[in-house]
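Trainee: I have a new model open in my viewer, and I would like to learn how to read it with you. Could we go through it feature by feature?

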Amino acid sequence: MTDPTSNSTASGASPSDIDPSPVSRRDFLRSAGALTALAGVQAILPGWAQAQPGGAQAGLQPLEPTYRDSRRVEYDLTIEKTSFEVAGKRATAITHNGTVPGPLIRLQEGKEAVLRYTNKLEKETSIHWHGLLIPNQYDGVPKVNYAGVAPGETFEAGPFEVRQYGTYWYHSHSGLQEQLGHYGPLLVDPAGGTPFEYDREHVVVLSDWTFEDPHQVLANLKKGEGYYNFQRRTVGEFWSDVGENGFWDTLKNRLMWDRMRMSATDLSAVRAPAYTFLMNGHAPGANWTGLFNPGERVRLRVINASASSIFDVRVPGLEMDVVQVSGQNVEPVTTDEFRIGTAERYDVIVEPTEDRAYTVFAESLDRSSYARGTLAPEEGMEGPVPEKRERPTLTKADMGMMEGDMEGDMEGSMAGGMAGGMAASGNAASEESGLRPPGTLPEPVMHEPDETHGPAEARPPMMTRSRLHEPGIGLGGDGRRVLTYDQLKALDEKDEFRAPDREVELHLTGNMERFMWGINGVEFSNADPIRIKHGERVRLTIVNDTMMNHPMHLHGQFMELENGHGEKAPLIDTITVKPAERVSLLVDGHEVGPWFFHCHILYHMDTGMARVVYVEPEPGSDEEFHYDHPSIT
């Protein structure tokens, strides 16, 4: 695998603030429409969100470069506490240049960039550039890449060459600051054109806001299972299940969950009403609006910048063409809905032909509430808000059980793994390594009855298997097409696609009742790094032994998701791993240094679900890295 580059055979040229060149009418509309819409956000904000002395501004604001020429662009951010209003209530946010989300940063592939930030907080802060291929010392994780930025200090990331295109974002990696608004969008325009056409774009940043101190939220989660579970099963649901499944089966089901000291509705660590879900900094009632002209192809760059929420996104009345995932081009997939895990990004194109408003609807996985906005041909319009769907419950599949309907699912999973293996067979390198061919699905694996990974693991599933073909809990069965990971195929060609040299298996472990999280039963503070030799190709197999979804992110490089499509394996930097799921990804040891690998549910990460992946320098190299761990010398 090589660094991702743009497709030079594209039909349209991307807008650039750095290197102007002649463009077609469609390219001009795309560029002008996107920038005009962003620049006009101030005009369409409700009165409470207008910038005021001491008040944070909601909505996306494009950041003007401090300096730019034909080869280089520089941006400056100021991080400070600012008064902020959400749904009519005042609070204090951590802002970048006074806005939530932070301002939109736009870079150009193939150019140089400098990203500076000044800390005006009373505590240390940091910025991680999520998804960027960036020199290790600029990645922005305290004690892993650098010491962090002390109060009153300025840190300069760069200059560095921008080596990719796509949709990304930035956020704090200091404590729980991200929950307080410390995040913003970042886009990279391709050096060539895009392989898909569109007339304008809107960036859609999803997030969650709480009026509680995030440290108190974490303390509450540690008090006991389901502190924020306001959606427990009721007596009425019990008798409804009796009518469907019979009294004894229903009673056995309830007793099983009681023995595990868990609830079948443990879907999210925190949910509404403790959370208010935001779209571009706006609560649902504020109605963020993105404009279009009927007949235009509109690109939505959807970023999940939440602290711990997973959303199901749809635009009722419009189908969506998924064209990028994790900032990288994929073969277009037409769908009606997609699930976006914390920190993931999906770029979709919609084509509204009618002169009316459409709702951009992002419903939380637990169905406790939603973020929403409107696509409209003019300001002041609102699309209808869909009815909330029923709250789903965890099933036997989420425990890796084999009973009932599970047997058919398992046979399908095994067949899928075998088919993928056959499709990519004949790879000589794979025969040498003794591992299955690259790009194929992992086979189902039974857990041994007494196999656990320490006190941080409550109860492992009976079986783990590939679930990439499943839409996820609460989705499907309603007539809507739902995007699944197994539909994704990389659009850009790879220079090479070789077999892995070895495999590393990591188990995501946790105890919901005690709110303990780790990898292989070990919390981050006690864990040794995962070492990859320079140039080595490693299969990273992630096994979710918990009944929670975990969006796992590797800093500093892309991973190739082995989803049964061989060398078409898509490049991603974040993947949501379902309960009882086994996922494998290919990682190349090209980006040297210590890189953070973690669950992007903020409260899971903070309590231990993280490791460092250390890519060793070439033998004889004198490169040095700032990593506070005794095993790295």
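## Reading the model together

Mentor: Gladly! Let us start with a single residue: Lys143 is exposed, with a relative accessible area of 57%.

Trainee: Where along the chain is Lys143 found?

Mentor: Lys143 belongs to the loop between β9 (128-130) and β10. Look at its backbone too: phi of Lys143 is near 70 degrees, a positive value in a residue other than glycine.

Trainee: Which other residue, not a glycine, has a positive phi?

Mentor: Try Ala87, where phi is near 50 degrees. Ala87 sits in the loop between β4 (72-86) and β5 (89-96). With a relative accessibility of 53%, Ala87 counts as exposed because the cut-off for that word is over 50%.

Trainee: Before I go on, how far should I trust what I see?

Mentor: Good habit. This is a predicted model, so begin with the confidence score, pLDDT, which runs from 0 to 100. The protein chain averages a pLDDT of 83, and 76% of the residues score at least 70. Over residues 1-54, however, the pLDDT is below 50, although the model gives this stretch 114 contacts beyond near neighbours in sequence. Residues 403-429 also stay under 50, with 29 contacts beyond four places in sequence.

Trainee: What does the protein chain have in the way of helices and strands?

Mentor: Count the elements and you get eight helices and 37 strands in the protein chain. Of its 633 residues, 62% are buried. To read how the chain comes together, turn to the contacts between residues at least 6 apart in sequence: 77% of them join residues at least 24 apart. As for the surface, the chain exposes about 23600 Å², and carbon and sulfur atoms supply 48% of that area.

Trainee: Could we look at one strand in detail?

Mentor: Take β10, residues 154-161, where Phe155 is found. Leaving out residues up to four places away in sequence, Phe155 touches Leu115, Arg116, Tyr117, Gln137, Tyr138, Tyr146 and Val149. Its C-alpha atom is separated by 9.9 Å from that of Gly140, 15 residues apart along the chain. Pro159 is also found in strand β10, and the peptide bond from Gly158 to Pro159 is cis, with omega near 5 degrees.

Trainee: Which residues are joined by a cis peptide bond with omega about -5 degrees?

Mentor: Those are Val100 and Pro101. Pro101 lies in the loop between β6 (99-100) and β7 (105-108).

Trainee: And how do I read the empty space inside?

Mentor: Rolling a probe the size of a water molecule over the atoms shows where empty space is left. Here, the count comes to seven cavities of 30 Å³ or more. The largest cavity holds about 160 Å³. Its lining has 14 residues, with Arg339, Pro471, Leu483, Tyr485 and Lys578 nearest the centre. By class, that lining divides into six nonpolar, four polar and four charged residues.

Trainee: How large is the volume of the second largest cavity?

Mentor: About 130 Å³. It is lined by 15 residues, and those closest to its centre are Leu267, Ser268, Ser308, Ile310 and Ile601. Eight residues of this lining are nonpolar, six polar and one charged.

Trainee: What about pockets?

Mentor: The second largest pocket contains about 490 Å³ of space. Among the 20 residues that line this pocket, Phe524, Phe596, Met605, Asp606 and Thr607 are the closest to its centre. The lining of the second largest pocket has nine nonpolar, six polar and five charged residues.

Technical notes: Residues are numbered from 1 along each chain as its sequence is written. This is a predicted model: local features need pLDDT of at least 70, side-chain atom pairs count only at pLDDT 80 or more; totals for chains, interfaces and linings use all residues. Side-chain values use heavy atoms; hydrogens and water are left out. pLDDT is the predictor's confidence in each residue, from 0 to 100. Contact means heavy atoms within 4.5 Å. On a 1 Å grid over the protein atoms alone, a cavity is a set of points where a 1.4 Å probe fits but cannot get out, and a pocket is an open set with protein on both sides within 12 Å along at least five of seven lines; lining residues have an atom within 4 Å of a point. Grid points are joined across faces, edges and corners, and a volume is the space filled by probe spheres set on the points. Ala, Val, Leu, Ile, Met, Phe, Trp, Tyr, Cys and Pro count as nonpolar, Asp, Glu, Lys and Arg as charged, and the others, Gly among them, as polar. Helices (H or I, at least four residues) and strands (E, at least two) are DSSP runs, numbered from the N terminus. Buried means under 20% relative accessible area, exposed over 50%, partly exposed in between (1.4 Å probe, protein chains only). Accessible areas come from the Shrake-Rupley method with a 1.4 Å probe; for residues, only the protein chains shown count as cover.
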